[in-house]
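Student: I've got a structure open on my screen and I'm not sure how to read it. Could you walk me through some of its features?

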Amino acid sequence: MTATSDAPPRQLAALNPIQQLKAGHLPRRLVQLYVGLTLYGASMGLMIQGNLGLDPWDVLHSGITQHLPLSFGTVVIAMSFVVLLAWIPLRQWPGLGTISNAIVIGLVTDLTLATVDRPDELWLRIVFMVAGVVVNALAGALYIGAQFGPGPRDGLMTGLVRRTGLSVRLVRTTIEVTVLAVGFLLGGVIGIGTVFYALAIGPLVHFLLPIFTVRLKTE
């Protein structure tokens with residue numbers, strides 16, 4: 001699946017929702033999309049149950065709940081729409097993956113929290129934290145690489161990458177660190193897992209995304 005040294009790199013295509021469905025490899029891409037979203041939800045559950053710090057976006061969400069009479073889930077949904085507004089100048093198209101992101105990830109996260117107990121042992125909590133970050137990166141590469149449109153937050157990343165020409169690693173890390181700082185200033189709780197996620201997720205996605213990006217008929 002990895003391209004040879006003389007092959008052109010696989011690029012994320014700028015497609016509208018109809019083009020995404022007509023771009024070929026539909027069965028493989030659908031499986032990759034929903035495997036990725038399922039793993040993403042599971043990785044979030046692991047991070048939460050590890051209890052060593054949330055990822056930067058959830059630090060922001062928790063910080064907002066300190067100032068508004070809204071539930072955590074309501075803030076997550078509201079922030080999704082706020083982030084989608086930033087897609088307009090980036091000319092980033094939503095798609096099946098964008099809508100599925102909001103549904104599947106939440107369901108799987110709740111299922112993970114209901115079936116995986118929070119460990120007492122520190123070493124096991126560290127395992128949960130590290131596994132959560134690594135699986136999160138793999139999951140993101142899978143569902144973004146399926147090219148059905150990324151989730152709102154990852155769409156912000158891919159849109160900036162396409163418009164600026166900067167690397168996935170640099171853009172993703174910059175976004176995560178910025179969101180983390182704002183969340184902390186708003187009163188969100190951080191931990192060692194937060195720092196590890198913010199520093200590791202960019203390089204991990206930068207490495208994994210080209211591997212799992214499906215070459216479409218339009219490329």
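**Reading the features**

Tutor: Let's begin with one residue: Gln147 is buried, with a relative accessible area of 5%. Keep in mind that this is a predicted model.

Student: Where does Gln147 lie?

Tutor: Gln147 sits in the loop between helix 6 (122-145) and helix 7.

Student: And what should I look for in the backbone there?

Tutor: The general idea is that most residues other than glycine have a negative phi. In this model, Gln147 has a positive phi of about 60°, although it is not a glycine. Asn51 is another residue that is not a glycine but has a positive phi, of about 55°.

Student: Where is Asn51 found, and is Asn51 buried or exposed?

Tutor: Asn51 is in the loop between helix 2 and helix 3 (56-65). As for burial, the label is partly exposed, because the relative accessible area of Asn51 is 41% and that label covers values from 20% to 50%. Gln147, with 5%, counts as buried.

Student: Let me zoom out. How many helices and strands does the protein have?

Tutor: The count is nine helices and zero strands. Written in order along the sequence, that gives α-α-α-α-α-α-α-α-α. The radius of gyration of the protein is 17 Å, close to the 17 Å from the globule rule for 219 residues, so the protein is as compact as a globular protein of that length.

Student: What box do the C-alpha atoms fill?

Tutor: Along the principal axes, the box is roughly 50 × 35 × 30 Å. Of the 219 residues, 46% are buried. You can also look at who touches whom: among contacts with a separation of 6 or more, 83% are between residues 24 or more positions apart.

Student: How do I describe two helices that pack together?

Tutor: Two packed helices are described by the angle between their axes and the distance between the axes. Try helix 7 (residues 152-164) and helix 8 (residues 168-185): the angle is about 135°, and the axes are 9 Å apart. That makes helix 7 oblique to helix 8, because the pair would need an angle over 145 degrees to count as roughly antiparallel. The crossing of helix 7 with helix 8 is right-handed.

Student: Which residues in helix 7 and helix 8 meet?

Tutor: From helix 7 there are Asp154, Leu156, Met157, Leu160, Val161 and Thr164, and from helix 8 there are Val168, Val171, Arg172 and Ile175. Sorted by type, the residues of this contact are seven nonpolar, one polar and two charged.

Student: Can we follow one of those residues?

Tutor: Sure, take Val171, whose place is in helix 8. Val171 counts as buried because its relative accessibility is 7%. Leaving out residues up to four places away in sequence, Val171 touches Met157, Leu160, Val161, Thr164 and Leu166. The C-alpha atoms of Val171 and Val161 are 6.6 Å apart, and the two residues are 10 residues apart along the chain.

Student: How does helix 8 pack with helix 9?

Tutor: Helix 8 and helix 9 (residues 192-212) pack at an angle of about 160°, and their axes are 8 Å apart. That makes helix 8 roughly antiparallel to helix 9. Their crossing is right-handed. Residues making the contact include Val168, Arg172 and Leu180 of helix 8, and Tyr197, Ile201 and Leu209 of helix 9. The contact divides into eight nonpolar, four polar and three charged residues.

Student: At what angle do helix 2 and helix 5 cross?

Tutor: Helix 2 (residues 26-50) and helix 5 (residues 96-115) cross at roughly 40°, and their axes come within 8 Å. Helix 2 and helix 5 are therefore oblique to each other. Helix 2 passes helix 5 in a right-handed crossing. The residues of their contact are 14 nonpolar, nine polar and no charged.

Student: One last residue: what does Gly63 touch?

Tutor: Gly63 is in helix 3 and touches Gly183, Leu186, Gly187 and Gly188, not counting residues up to four places away in sequence. With a relative accessibility of 0%, Gly63 counts as buried. Gly63 and Gly145 are 82 residues apart along the chain, and 31 Å separates their C-alpha atoms.

Definitions and conventions
Residues numbered from 1 in each chain as written. Predicted model: local features only at pLDDT ≥ 70, side-chain atom pairs only at ≥ 80, totals over all residues. Heavy atoms only, no water. Axes fitted to C-alpha atoms, helices over the stretch in contact; angles between N-to-C directions. Helix = DSSP H or I, 4+ residues; strand = E, 2+ residues; numbered from the N terminus. Parallel < 35°, antiparallel > 145°, perpendicular 65-115°, else oblique. Left-handed = near helix turned anticlockwise from the far one by under 90°. Contact = heavy atoms within 4.5 Å. Nonpolar A, V, L, I, M, F, W, Y, C, P; charged D, E, K, R; others polar. Rg over C-alpha atoms; globule rule 2.2 N^0.38 Å. Buried < 20%, exposed > 50% of the residue type's maximum accessible area, 1.4 Å probe, protein only.
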